[in-house]
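The exercises below are meant to be worked with the coordinates open in a viewer. Each one sets a task and then goes through a solution step by step.

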Amino acid sequence: DVAGARRAALSYFALPAELKGCPTCSIRNASVGFQRGYIPVASESGLAEVVEMKEGFSYGFEWPPHQASEHPFQAANVWPPQAALDLLGSEWREAMV
């Protein structure tokens, strides 16, 4: 449901910065431009002379924890910390996927 996903995304981006941008809130493989989890404002511009004023949240297929990745774009998702999930509510993650 697109409307539900939009509401869930807006709820996430309204969280305090410390719950979105915590040290464990994202992983990044800069060599291939791949990221999971929170993407801070202006961190995904790609060019020094261009600043994209946006923030994002990236996730993909939920890889089984015991399955090793075979490609740099295969990685575990990084979800918000429990304190953020408590604020977002039990329906948030399901709405996002």
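Helices are DSSP runs of H or I with at least four residues, and they are numbered from the N terminus. The model to which this is applied here is a predicted one.

**Exercise 1.** Place Ala-95 in the secondary structure, and decide whether Ala-95 is buried, partly exposed or exposed.

*Solution.* Step one is the assignment: Ala-95 belongs to helix α4, an element that spans residues 92–96. Step two needs the cut-offs, since buried means under 20% relative accessible area and exposed means over 50%, with partly exposed in between. The relative accessibility of Ala-95 is 29%, so this residue counts as partly exposed. Step three turns to the surroundings: once residues up to four places away in sequence are set aside, Ala-95 touches Gly-4, Ala-5 and Ala-8. As a distance check, the C-alpha atoms of Ala-95 and Gln-67 are separated by 25 Å, with these positions 28 residues apart along the chain.

**Exercise 2.** Determine which strand holds Gln-35, and what the side chain of Gln-35 reaches.

*Solution.* Begin with the strand, which is β2, covering residues 34–39. The relative accessible area of Gln-35 is 10%, and because buried means under 20%, Gln-35 is buried. The side chain of Gln-35 reaches the backbone oxygen of Tyr-38 at 2.9 Å. Beyond the residues up to four places away in sequence, Gln-35 touches Ser-26, Ile-27, Arg-28, Pro-40 and Ser-58.

**Exercise 3.** Describe the largest nonpolar core and find which residues in it touch the most other members.

*Solution.* The core has 13 residues, and those that touch the most other members are Tyr-12, Leu-15, Phe-57, Leu-88, Trp-92 and Met-96. Helices α1 (2–13), α3 (82–88) and α4 (92–96) each supply at least two residues of this core. For Leu-15, leaving aside neighbours within four places in sequence, the contacts are Lys-20, Ala-84, Leu-87 and Leu-88.

**Exercise 4.** Summarise the protein chain as a whole, starting from how many helices and strands it has.

*Solution.* Counting gives four helices and three strands, which follow the pattern α-α-β-β-β-α-α when read along the sequence. Along the principal axes, the C-alpha atoms fill a box of roughly 40 × 35 × 25 Å. Of the 97 residues, 28% count as buried, while the chain exposes about 6,500 Å², with carbon and sulfur atoms supplying 57% of that area. Finally, the mean positions of the 7 positive and 11 negative charges lie 3 Å apart.

Definitions and conventions
Residues numbered from 1 in each chain as written. Predicted model: local features only at pLDDT ≥ 70, side-chain atom pairs only at ≥ 80, totals over all residues. Heavy atoms only, no water. Buried < 20%, exposed > 50% of the residue type's maximum accessible area, 1.4 Å probe, protein only. Areas by Shrake-Rupley, 256 points an atom, 1.4 Å probe, with all protein chains shown as cover. Lys, Arg positive; Asp, Glu negative; His and termini not counted. Charge placed at Lys NZ, Arg CZ, Asp CG, Glu CD. Core = buried A, V, L, I, M, F, W, Y, C linked by side-chain atoms within 4.5 Å. Contact = heavy atoms within 4.5 Å. Polar contact = N/O pair within 3.5 Å; in protein donor to acceptor, adjacent residues only side chain to side chain.
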